[in-house]
Amino acid sequence: FVGRLAYGTVYKLWNPEVHPKFGSSFQDGARALLLCQRRWESPWSMLPDECVYYILNMCRWDWFNDSSNSMKERRKRERARDKLALTQQDEQNHQQATVADD
């Protein structure tokens, strides 16, 4: 059928590289689990890192009570931080170019 549109939602799966993109409650839960894994007294200590990563990878982001509003706020802060870092990098490059010209 011409003109038919289909769409869906794709959830971001956790891994160490995208950890900062998850909500603070999820990050706290992941941190607690990883800290438990490092303690020899914990049963989690018998699991290799890859198993813990897999378990976290299978957890949905909203299982840790992060709301969509908190995620939107996190994205805004992330964008502002990225913009600031880019501005600082540009200023640093400009200063280096100025010093090199002198």
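**Rings and a helix pair**

Q: How many aromatic pairs does a search of the whole structure find?
A: The search finds 3 aromatic pairs. Keep in mind that this is a predicted model.

Q: How are the rings of Trp14 and Tyr53 placed?
A: Their centres are 5.7 Å apart and their planes are at 55°. That angle is not over 60, the cut-off for edge-to-face, so the pair counts as tilted.

Q: Which parts of the chain does that pair link?
A: Distant ones. Trp14 is in the segment before helix 1, and Tyr53 is in helix 2. The two are 39 residues apart.

Q: Is Trp14 buried or exposed?
A: Trp14 is buried, because its relative accessible area is 3%, and the limit is under 20%.

Q: And what does Tyr53 count as?
A: Tyr53 is partly exposed, at 29% relative accessibility.

Q: Which residues do ring pairs link into a cluster?
A: Phe22, Phe26 and Phe64.

Q: Switching to helices. At what angle do helix 1 and helix 2 pack?
A: About 155°, with the axes 11 Å apart. Helix 1 is therefore roughly antiparallel to helix 2. Helix 1 covers residues 24–38, and helix 2 covers residues 49–58.

Q: Which residues make the contact?
A: Helix 1 brings Phe26, Ala30, Leu33, Leu34, Gln37 and Arg38. Helix 2 brings Asp49, Val52, Tyr53 and Leu56. So Phe26 of the ring cluster and Tyr53 of the tilted pair take part in this contact too.

Q: How do the residues of that contact divide?
A: Into 7 nonpolar, 1 polar and 2 charged.

Q: Last one: is the crossing left-handed or right-handed?
A: Helix 1 and helix 2 cross in a right-handed way.

Terms used. Residues numbered from 1 in each chain as written. Predicted model: local features only at pLDDT ≥ 70, side-chain atom pairs only at ≥ 80, totals over all residues. Heavy atoms only, no water. Axes fitted to C-alpha atoms, helices over the stretch in contact; angles between N-to-C directions. Helix = DSSP H or I, 4+ residues; strand = E, 2+ residues; numbered from the N terminus. Parallel < 35°, antiparallel > 145°, perpendicular 65-115°, else oblique. Left-handed = near helix turned anticlockwise from the far one by under 90°. Contact = heavy atoms within 4.5 Å. Nonpolar A, V, L, I, M, F, W, Y, C, P; charged D, E, K, R; others polar. Phe/Tyr/Trp six-rings, centres within 6.5 Å; stacked < 30°, edge-to-face > 60°. Buried < 20%, exposed > 50% of the residue type's maximum accessible area, 1.4 Å probe, protein only.
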